[in-house]
Amino acid sequence: MSLKIAYLGIDLLHSALRTVLQEDCRVLKLFTCATDNVTEFNTEVLETARAHRIPVSLKPVAAEDLAWLAEQGCELLLCGGYYHRLPITEAFPMVNIHPAPLPAFRGPWPMPVMLLRGQRRGGVAMHKMEATFDTGDLLLEETFPLSSTATLADYMAQVEALLPGMVRRLLREMPALLANARPQGEGTYWPCPTEKDWTITPEMPAAQADTILRAFYGYECIYRAGTRAYELIGGRVLREPGAGPSFPVDGGWVCAPRVRKLNCDE
């Protein structure tokens, strides 16, 4: 196939980059972001780039980068989890992988929003990139069921399972998919969750606390009791205190394998 491609992303959707390379495409450049490598990582995409001798940029993509890609004969820009807004070019197709159904769940971090709202179906969409976020014409979309106890990790595992097939189809059928792309129509944009959304307090019902922990599983949640606050990663609610640090809520105890006390003077 040997398409010339630019890839943008962190480790969140790394299987997309792996699939591009398995399809014998030439990646002209990897654009990734600096990450904390605690809850979000770029180590896998950087290692893949090193192994395949792909040039890497950690700077936000600029118009000059798109012009350079066009000069190199780029045939597709594929975005799989990228922090920065991009300029748009007509020189080659620009396609974004959005790990949620469109147009109902636009936004920078829709997966926790869906879990907080008790949605029972997740999804992956591939769409043309436009100046406004997540509004471009749809090329491909797949959905999957969500259980009532699904965590963010469970959600992303299903996304990762779908991605290789979707990326292969995009690469192999790109002219037809672009020609038949369908407008999204009206949709809903969900702002990025804030600290309030991932904060748990002692008087909170256990079920609500567990929903928050599931929605942000693998990321920091905060347990706040008066002037004391703790950062929790990987927490869940149990009926009884666990062997390690445990934090009471109404009807259970929050336990997490990773706990860090925060300075909290207010």
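**Close-up views of a predicted model**

**View 1. Helix H5 gives the largest share of the lining of the second largest pocket, 5 residues.** The structure shown here is a predicted model, so please read each panel with that in mind. The second largest pocket has a volume of about 440 Å³. Among the 21 residues that line this pocket, Leu-12, Thr-39, Phe-41, Met-156 and Tyr-219 sit closest to its centre. Two elements each give two or more residues to the lining, namely helix H2 (43-51) and H5. Sorted by class, the lining of the second largest pocket holds 13 nonpolar, 3 polar and 5 charged residues.

**View 2. Helix H1 packs against helix H5 at an angle of about 40°.** Here you can follow H1 (residues 14-22) alongside H5 (residues 152-172), with 9 Å between the two axes. That angle makes H1 oblique to H5. The crossing of H1 with H5 is right-handed. Which residues of H1 meet H5? They are His-14, Ser-15, Ala-16, Arg-18, Thr-19 and Val-20. Their partners in H5 are Glu-160, Leu-163, Pro-164, Val-167, Arg-168 and Leu-171. Taken by class, the residues of the contact of H1 with H5 are 6 nonpolar, 3 polar and 3 charged.

**View 3. Helix H1 also crosses helix H2, at roughly 15°.** The axes of H1 and H2 come within 9 Å. Angles under 35 degrees count as roughly parallel, and H1 and H2 are therefore roughly parallel to each other. In this pair the crossing is left-handed. On the H1 side, look for His-14, Leu-17, Arg-18 and Leu-21; on the H2 side, look for Glu-44, Val-45 and Thr-48. The contact of H1 with H2 comprises 3 nonpolar, 2 polar and 2 charged residues. If you have just come from the previous view, His-14 and Arg-18 will be familiar: they are among the H1 residues that meet H5, and they meet H2 as well.

**View 4. The largest pocket has a volume of about 770 Å³.** Its lining is made up of 33 residues. To find your way to the centre of the largest pocket, start from Gly-81, Tyr-82, Tyr-83, Pro-108 and Trp-109, which lie nearest to it. Strand E5 (94-98) and helix H4 (110-116) are the elements that give two or more residues to this lining. Which element gives the largest share? It is E5, with 3 residues. By class, the lining of the largest pocket contains 20 nonpolar, 8 polar and 5 charged residues.

**View 5. A cis peptide bond joins Leu-102 to Pro-103.** Omega for this bond is near 10°. Where does Pro-103 lie? Look in the loop between E5 and H4, the two elements you met in the lining of the largest pocket. Most peptide bonds are trans, which gives this close-up its interest.

**View 6. Asp-24 has a positive phi, near 65°.** This value occurs in a residue other than glycine. Most residues other than glycine have a negative phi. To locate Asp-24, go to the loop between H1 and strand E2 (26-31).

Conventions:
Residues are numbered from 1 along each chain as its sequence is written. This is a predicted model: local features need pLDDT of at least 70, side-chain atom pairs count only at pLDDT 80 or more; totals for chains, interfaces and linings use all residues. Side-chain values use heavy atoms; hydrogens and water are left out. Axes are lines fitted to C-alpha atoms, for helices over the stretch in contact, and angles run from 0 to 180 degrees between N-to-C directions. Helices (H or I, at least four residues) and strands (E, at least two) are DSSP runs, numbered from the N terminus. Angles under 35 degrees count as roughly parallel, over 145 as roughly antiparallel, 65 to 115 as roughly perpendicular and the rest as oblique. A crossing is left-handed if the near helix is turned anticlockwise from the far one by less than a right angle, and right-handed if clockwise. Contact means heavy atoms within 4.5 Å. Ala, Val, Leu, Ile, Met, Phe, Trp, Tyr, Cys and Pro count as nonpolar, Asp, Glu, Lys and Arg as charged, and the others, Gly among them, as polar. On a 1 Å grid over the protein atoms alone, a cavity is a set of points where a 1.4 Å probe fits but cannot get out, and a pocket is an open set with protein on both sides within 12 Å along at least five of seven lines; lining residues have an atom within 4 Å of a point. Grid points are joined across faces, edges and corners, and a volume is the space filled by probe spheres set on the points.
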